[in-house]
Each structure stands twice: as C-alpha cells, then as structure tokens.
Amino acid sequence: MGFSDFTLGSTSPVLSGGKVRWKPQKGKFRVTFVALPGLEENAVKFEDSNGDPTNPSFKGGRRLYHKDVGYFLDHGPEYQKVAGNPSKTSIATTLIFWPTDAKGNLDKARFSNGEFEVKTWIFSLDKYRQLESINTEFPLSQHDISITVTDPQFHKMTFAPCKESLFKTLHDKGSDMFKTCMETAKPIHLNIQNDIAQDLTLDQIREKMSGSVGSPTGKSGGSFNSSFDADEILDGML
C-alpha cells in the first residue's frame with residue numbers, strides 16, 4: 001500500500017486497505033485549491049487545451065498512528081500489528097489561505113499588503129466527496145471555497161463556493177503576487193506526502209519507537225513583499 005494521486009472529476013480514488021499542515025480552528029476561512037496542473041513547472045493552468053476548467057490534484061493513502069512514531073503508511077498486517085489500531089484513509093491537498101475578518105470576508109488591507117499563507121490540508125474521504133460535488137458546478141480552479149469550521153476537535157465544517165478565485169484573479173490581472181503565491185506553494189505541495197504519513201520500513205518504525213530517530217520538521221509558507229491596490233485587482237469581483 002502506498003500513495004495514490006487523483007483529481008476531482010477523475011476516477012474515484014482507490015485507497016486500499018513542524019509542518020505546514022492546517023490544523024482547523026473555529027471560524028471562517030477563504031481558500032484557493034492551488035494544486036493545479038502546471039504548479040510543479042511554475043506554469044499553473046486554469047483551463048485545459050479545450051478551454052475547460054482544470055481540476056486540483058490530491059494525494060491519499062491509508063495511514064496508521066503510533067504515539068512514538070507519528071503517522072506512517074499502512075503496508076499490511078505487520079504494520080497494523082505494530083500500530084495496534086486499524087488504518088484510516090486520509091487525503092491531502094495544498095491550499096492558499098487569504099486574509100479574512102472574523103466574518104470570513106476578505107481583508108482588503110491585508111490582501112493589499114500581500115498577506116497569504118500556504119498550508120497542506122489532510123482530511124477524510126467524506127469531505128472529498130463534498131468538494132467533488134461542489135466542483136461539478138463551481139470548478140475549484142475558478143472559484144475559492146469558504147470554509148466554516150464549527151467543531152475543530154472533530155473537524156466539523158461546511159463548504160460554500162465563492163464568486164471568484166483570488167489566485168486566478170491575480171493571474172488574470174498580471175499581479176506579481178500571483179507568481180509569489182505559486183512559487184511559495186510549489187515546494188510545499190511537492191512535499192505533501194510527508195505531511196500525510198511517513199513511508200517507513202518496519203525496522204525504521206522500531207527505531208523510532210526506541211527513541212533513536214527524531215521526527216522530521218517542515219517549514220511554513222511565505223508572503224508577498226510588496227503592496228498593491230486591492231480595489232484595482234478586485235474590481236467587479238466582490
């Protein structure tokens with residue numbers, strides 16, 4: 001068992017048997033699903049060759065947990081025996097978080113100052129199904145999603161599509177902030193599987209359980225080091 005890659009609108013995922021990870025807190029958030037085709041080449045595509053909206057990519061797998069190891073991939077019965085619990089399907093993607101006020105509305109002043117944050121988000125299959133349903137009518141390459149977290153402990157949240165995608169709008173307006181967002185998101189997305197789970201051998205797991213190997217740490221995203229006129233970028237959008 002290992003990782004599976006898939007996109008919304010494609011074949012359903014078959015997931016057998018210090019980081020930049022988003023840990024949901026109560027509140028409202030506006031996000032862009034940034035893992036679009038071309039991200040790894042610094043050439044994001046919002047439409048395909050036929051002019052149809054592209055779809056963000058996701059990575060998923062079945063993972064196990066042990067308090068001395070953290071999350072690691074389920075490679076079969078011996079791994080489950082070591083963990084002492086069954087594995088669960090986890091899915092991940094990369095998001096841009098835009099600055100918002102307490103009501104979840106875009107904070108135009110902070111946006112003008114180039115504020116944004118890139119994080120990976122690990123979630124369950126049922127949330128993937130909800131996003132898949134939204135994507136059929138509101139393609140996630142064209143629309144941001146407003147996330148309302150009601151219960152952080154149990155990751156209870158609701159999703160609503162926004163009128164536009166801020167990331168795409170920055171691209172269409174020729175803003176330098178678009179390039180900064182893209183270049184910040186790329187290395188975080190390339191490392192996303194390490195945020196889902198470690199791919200370890202049984203010997204490596206036992207080493208970690210004995211305390212001889214430390215856990216890896218990650219680094220956070222960046223921000224745009226300039227300012228611009230948000231009203232010009234957002235003209236006719238909000």
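## A loop residue, two cores and paired strands

Gln142 is buried, with a relative accessible area of 16%. Here buried means under 20% relative accessible area, exposed over 50%, and partly exposed in between (1.4 Å probe, protein chains only). Everything below describes a predicted model, in which local features need pLDDT of at least 70 and side-chain atom pairs count only at pLDDT 80 or more, while totals for chains, interfaces and linings use all residues. Residues are numbered from 1 along each chain as its sequence is written, and side-chain values use heavy atoms, with hydrogens and water left out.

### The chain as a whole

The chain has 8 helices and 8 strands. Both are DSSP runs numbered from the N terminus: helices are H or I with at least four residues, strands are E with at least two. Of its 238 residues, 47% count as buried. About 11,900 Å² of the chain is exposed, and carbon and sulfur atoms supply 46% of that area. Accessible areas come from the Shrake-Rupley method with a 1.4 Å probe, and for residues only the protein chains shown count as cover.

### Two loop residues

Back to Gln142: this residue lies in the loop between helix H3 (125–137) and strand E7 (145–151). Leaving aside neighbours within four places in sequence, Gln142 is in contact (heavy atoms within 4.5 Å) with Phe46, Glu47, Pro53, Glu164, Ser165 and Lys168.

Ser124 sits in the loop between strand E6 (117–123) and H3. At 25% relative accessibility, Ser124 is partly exposed. Beyond its neighbours within four places in sequence, Ser124 is in contact with Thr89 and Ile91. C-alpha to C-alpha, Ser124 and His155 are 9.4 Å apart in space, although 31 residues separate them in sequence.

### How the strands pair

Two strands pair if DSSP finds at least two bridges between them. Four pairings are set out here.

| Strands | Bridges | Sense |
|---|---|---|
| E2 (27–33) and E7 | 5 bridges | antiparallel |
| E7 and E8 (156–161) | 6 bridges | antiparallel |
| E3 and E5 | 5 bridges | antiparallel |
| E3 and E4 (70–73) | 4 bridges | antiparallel |

Some individual partners help to locate these pairings in your viewer. Gly27 has Val149 in E7 as its bridge partner, and Asp151 is matched with Lys156 in E8. E7 and E8 form a hairpin with 4 residues between them, and His155 in that turn has a positive phi of about 55°.

Strand E3 (residues 57–66) has 8 of its 10 residues buried, so the rest of the structure largely encloses it. Within E3, Arg62 stands opposite Thr89 in E5, and Tyr65 has Tyr71 in E4 as its bridge partner. E3 and E4 also form a hairpin, with 3 residues between them.

### Nonpolar cores

A nonpolar core is a set of buried Ala, Val, Leu, Ile, Met, Phe, Trp, Tyr and Cys residues joined through side-chain atoms within 4.5 Å. Of the 21 residues in the largest one, Val44, Ile96, Trp98, Phe167 and Cys181 touch the most other members. The elements that give this core two or more residues are strand E5 (88–98), helix H4 (166–172) and helix H5 (176–190). H5 provides the largest share, 6 residues. Another core, of 19 residues, lies apart from this one and has Val31, Trp121, Ile134 and Phe159 among its members.

Cys181 has 0% relative accessibility and counts as buried; Cys162 is buried too, at 13%. A search of the whole structure finds 0 disulfides (pairs of cysteine sulfur atoms within 2.5 Å).

### Aromatic rings

The structure holds 14 aromatic pairs. Rings of Phe, Tyr and Trp (its six-membered ring) pair if their centres lie within 6.5 Å; planes under 30 degrees apart count as stacked, over 60 as edge-to-face and the rest as tilted. Trp22 and Phe29 make an edge-to-face pair, 5.5 Å centre to centre with 70° between the planes. Both rings belong to buried residues: Trp22 has a relative accessible area of 8% and Phe29 one of 19%.

Trp22 also pairs edge-to-face with Trp121, at 5.8 Å centre to centre and 65° between the planes. Because Trp22 lies in the loop between strand E1 (4–7) and E2, and Trp121 in strand E6, this pair ties together parts that are 99 residues apart in sequence. Trp121 is buried at 1% relative accessible area. Trp22, Phe29, Phe33, Phe58, Phe97, Trp121, Phe123, Tyr128 and Phe159 form one aromatic cluster.
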